[in-house]
Amino acid sequence: MKISTKGRYGLTIMMELAARFGEGPTSLKSIAEKNGLSEHYLEQLIAPLRNAGLVKSIRGAYGGYVLSREADSITAGDIIRVLEGPISPVDFTEEDDPAKRDLWLRIRDSIADVLDSTTLSNLITFKEETHTDNYMFYI
């Protein structure tokens, strides 16, 4: 399964809103400028997120968008499904033998499990683990 720019940029929008949760509305212009993205494209992505109830729009001079609920209750799966559609690595056909069909289902379920167990809170608080191997050389 390949996540398109819709899914990737949608996650970017949602992570920015999560990072600023409780600080008031955030404009798409500020998100676009910070991340080097097209504001027009982000406008196209925010509509389905709003229609799905993941974000709320605030009108006015200091308006913008806010998350509709806490960042720890919105998953990457919620966002990806809204923007990309159902999670499926392949289109199933009746010709697939049962072993291949089972493989595709296990892959789909694994991807869904990762997406559904990763919240916006997890994403915005992510710390990359660096493994430093200390080697001692003796001569």
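This note sets out points on the core, the helix packing and the salt bridges of a predicted model.

1. Nonpolar core. The largest nonpolar core comprises 27 residues, and M14, L67 and I79 have the most contacts inside it. At least two residues of this core are supplied by each of the following elements: the helices α1 (5–19), α2 (28–35), α3 (39–51), α4 (76–84) and α5 (98–116), and the strand β2 (64–67). Helix α1 gives the largest share, with 5 residues.

2. Surroundings of L67. L67 is one of the residues with the most contacts inside the largest core. With residues up to four places away in sequence left out, L67 touches M14, L17, A18, F21, L54, V55, K56, I74 and L120. M14, itself among the residues with the most contacts in the core, is thus listed again here as a partner of L67.

3. Packing of α1 on α3. The axes of α1 and α3 lie 10 Å apart, and the two helices pack at an angle of about 80 degrees. Because angles of 65 to 115 degrees count as roughly perpendicular, α1 is described as roughly perpendicular to α3. On the α1 side the contact is made by T5, K6, Y9, G10, I13 and M14, and on the α3 side by Y41, L42, L45, I46 and L49. M14 therefore takes part in this helix contact and also ranks among the residues with the most contacts inside the core.

4. Packing of α2 on α3. For α2 and α3 the packing angle is about 125 degrees, and the axes are 9 Å apart. The two helices are therefore oblique to each other, and α2 passes α3 in a right-handed crossing. L28, K29, I31 and A32 of α2 meet E39, L42, E43 and I46 of α3. L42 and I46 also appear among the α3 residues in contact with α1.

5. E16 and its salt-bridge network. A search of the whole structure finds 6 salt bridges. E16, R20 and K34 are linked in a network of such bridges. E16 is placed in helix α1. Its relative accessible area is 9%, and since buried means under 20%, E16 is classed as buried. Not counting residues up to four places away in sequence, E16 touches I31, K34 and N35. Of these partners, K34 belongs to the salt-bridge network, while I31 is one of the α2 residues that meet α3.

6. A salt bridge between α4 and α5. The side chains of D116 and R81 meet in a salt bridge, with an N to O distance of 2.7 Å. This pair links distant parts of the chain, as D116 lies in helix α5 and R81 in helix α4, 35 residues apart. D116 is partly exposed at a relative accessible area of 35%, and R81 is likewise partly exposed at 33%.

7. Further salt bridges. D102 and R106 form a salt bridge at 3.0 Å, N to O. Both residues lie in helix α5, 4 residues apart, which is about one turn of the helix. D102 has a relative accessibility of 39% and counts as partly exposed. A salt bridge also joins D109 and R108, whose closest N and O atoms are 2.9 Å apart. D109 is partly exposed at 40% relative accessibility, as is R108 at 27%.

Terms used
Residues are numbered from 1 along each chain as its sequence is written. This is a predicted model: local features need pLDDT of at least 70, side-chain atom pairs count only at pLDDT 80 or more; totals for chains, interfaces and linings use all residues. Side-chain values use heavy atoms; hydrogens and water are left out. A nonpolar core is a set of buried Ala, Val, Leu, Ile, Met, Phe, Trp, Tyr and Cys residues joined through side-chain atoms within 4.5 Å. Buried means under 20% relative accessible area, exposed over 50%, partly exposed in between (1.4 Å probe, protein chains only). Contact means heavy atoms within 4.5 Å. A salt bridge is a side-chain nitrogen of Lys or Arg within 4 Å of a carboxyl oxygen of Asp or Glu. Axes are lines fitted to C-alpha atoms, for helices over the stretch in contact, and angles run from 0 to 180 degrees between N-to-C directions. Angles under 35 degrees count as roughly parallel, over 145 as roughly antiparallel, 65 to 115 as roughly perpendicular and the rest as oblique. A crossing is left-handed if the near helix is turned anticlockwise from the far one by less than a right angle, and right-handed if clockwise.
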